[in-house]
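Thanks for coming, everyone. Let me put the structure up on the screen, and then I'll walk you through it strand by strand.

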Amino acid sequence: MRIHKTEIPDLFLIKPDVYEDYRGTNFESYNKVAYMDAGMYPMPEFVVDSISTSRKHVLRGIHGDYKTTKLVSCLYGTIYMIVLDLRQDSQTHGMWQSFTLSDRNKHQLMIPPGCGNAHLVMSDECVFSYKLDQYYDRDSQFTIKWNDPMYAIPWPIKNPILSERDR
């Protein structure tokens with residue numbers, strides 16, 4: 001497992017070791033000790049696992065809150081993922097980074113509280129997985145418009161499929 005610090009403090013890109021042979025593949029999707037050894041400390045205690053499915057060109061987010069750590073991955077398909085730092089005390093406040101997560105590369109992101117995330121489905125379908133260390137509380141969440149000119153995020157498409165909340 002390779003764990004990389006990103007430009008945004010406390011945001012980690014995780015690249016699991018994938019073992020493949022004629023039968024298929026195997027990899028660790030979570031390893032608390034490896035994460036701690038890489039400097040992700042204190043480690044959250046995850047209390048919720050959620051799975052969402054979406055079709056091509058669906059954009060979900062930018063959502064987040066100031067108390068929840070998330071571990072996210074794409075179990076099936078390919079997504080273009082954005083993480084936006086909205087922590088007032090962060091040296092990278094207002095900065096965003098993009099990543100490609102897919103069932104092929106098996107990459108994951110550990111997203112700290114105060115960072116919003118969004119994903120755009122680039123494959124025909126996707127299955128998105130996220131672990132949370134807090135129970136879902138919609139009232140404490142923030143939503144940033146996907147095309148807010150303040151952040152100038154260059155999305156790969158111009159007209160994504162959006163929920164009412166994300167318009």
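**The open sheet**

Okay, so start with the open sheet: five strands, ordered β9-β8-β11-β6-β13, with antiparallel pairing. When I say strand, I mean a DSSP run of E with at least two residues, numbered from the N terminus, and two strands pair if DSSP finds at least two bridges between them. The edges are β9 and β13 (142-143), each of which pairs on one side only. Strands of a sheet pair through backbone hydrogen bonds, either parallel or antiparallel.

Before I go on, the small print. This is a predicted model, where local features need pLDDT of at least 70 and side-chain atom pairs count only at pLDDT 80 or more, while totals for chains, interfaces and linings use all residues. Residues are numbered from 1 along each chain as its sequence is written, and side-chain values use heavy atoms, with hydrogens and water left out.

**β8 and its neighbours**

Now look at β8. Seven of its eight residues are buried, so this strand is mostly covered. Buried here means under 20% relative accessible area, exposed means over 50%, and partly exposed is in between, using a 1.4 Å probe and protein chains only. On one side, β8 pairs with β9 in the antiparallel sense, over seven bridges. Within that pairing, Tyr80 has Thr100 of β9 as its bridge partner, and Leu84 is matched with Trp96. There's also an antiparallel pairing between β8 and β11, again joined by seven bridges. There, Met81 has His119 as its bridge partner.

So what about His119? That residue is in strand β11, residues 115-121. Is His119 buried or exposed? It counts as buried, because its relative accessibility is 3%. Setting aside neighbours within four places in sequence, His119 is in contact with Val58, Leu59, Arg60, Ile79, Tyr80, Met81 and Phe128. By contact I mean heavy atoms within 4.5 Å.

**The nonpolar cores**

Met81 takes us into the core. A nonpolar core is a set of buried Ala, Val, Leu, Ile, Met, Phe, Trp, Tyr and Cys residues joined through side-chain atoms within 4.5 Å. The largest one has 17 residues, and those touching the most other members are Ile79, Met81, Phe99, Leu101, Leu109 and Ile111. Which elements give two or more residues to this core? They are β7 (70-76), β8 (78-85), β9 (96-102), β10 (108-111), β11 and β12 (125-132). The largest share, three residues, comes from β8. Separate from this core is another one, with 16 residues, among them Leu59, Ile82, Leu120 and Leu162.

Going back to Met81 for a second: leaving out neighbours within four places in sequence, its contacts include Val72, Phe99, Leu101, Leu109, Ile111 and Phe128.

β7 is worth a look too. Five of its seven residues are buried, so β7 is largely enclosed by the rest of the structure. It pairs antiparallel with β10 over four bridges, and it's joined to β12 by six bridges, also running antiparallel. Leu71 shows both pairings: it stands opposite Met110 in β10, and its bridge partner in β12 is Lys131.

**The largest pocket**

Next, the empty space. Rolling a probe the size of a water molecule over the atoms shows where empty space is left. The largest pocket holds about 510 Å³. A pocket, on a 1 Å grid over the protein atoms alone, is an open set of points for a 1.4 Å probe with protein on both sides within 12 Å along at least five of seven lines, and lining residues have an atom within 4 Å of a point. Grid points are joined across faces, edges and corners, and the volume is the space filled by probe spheres set on the points.

Of the 28 lining residues, Arg60, His63, Tyr130, Gln141 and Arg165 are the closest to the centre. The largest share of the lining, five residues, is from β6. The lining divides into 11 nonpolar, 11 polar and six charged residues. For that split, Ala, Val, Leu, Ile, Met, Phe, Trp, Tyr, Cys and Pro count as nonpolar, Asp, Glu, Lys and Arg as charged, and the others, Gly among them, as polar.

**Backbone oddities**

Last stop. The peptide bond from Gly61 to Ile62 is cis, with omega near 25°, and Ile62 is in β6. Lys106, in the loop between β9 and β10, has a positive phi of about 60° although it isn't a glycine.
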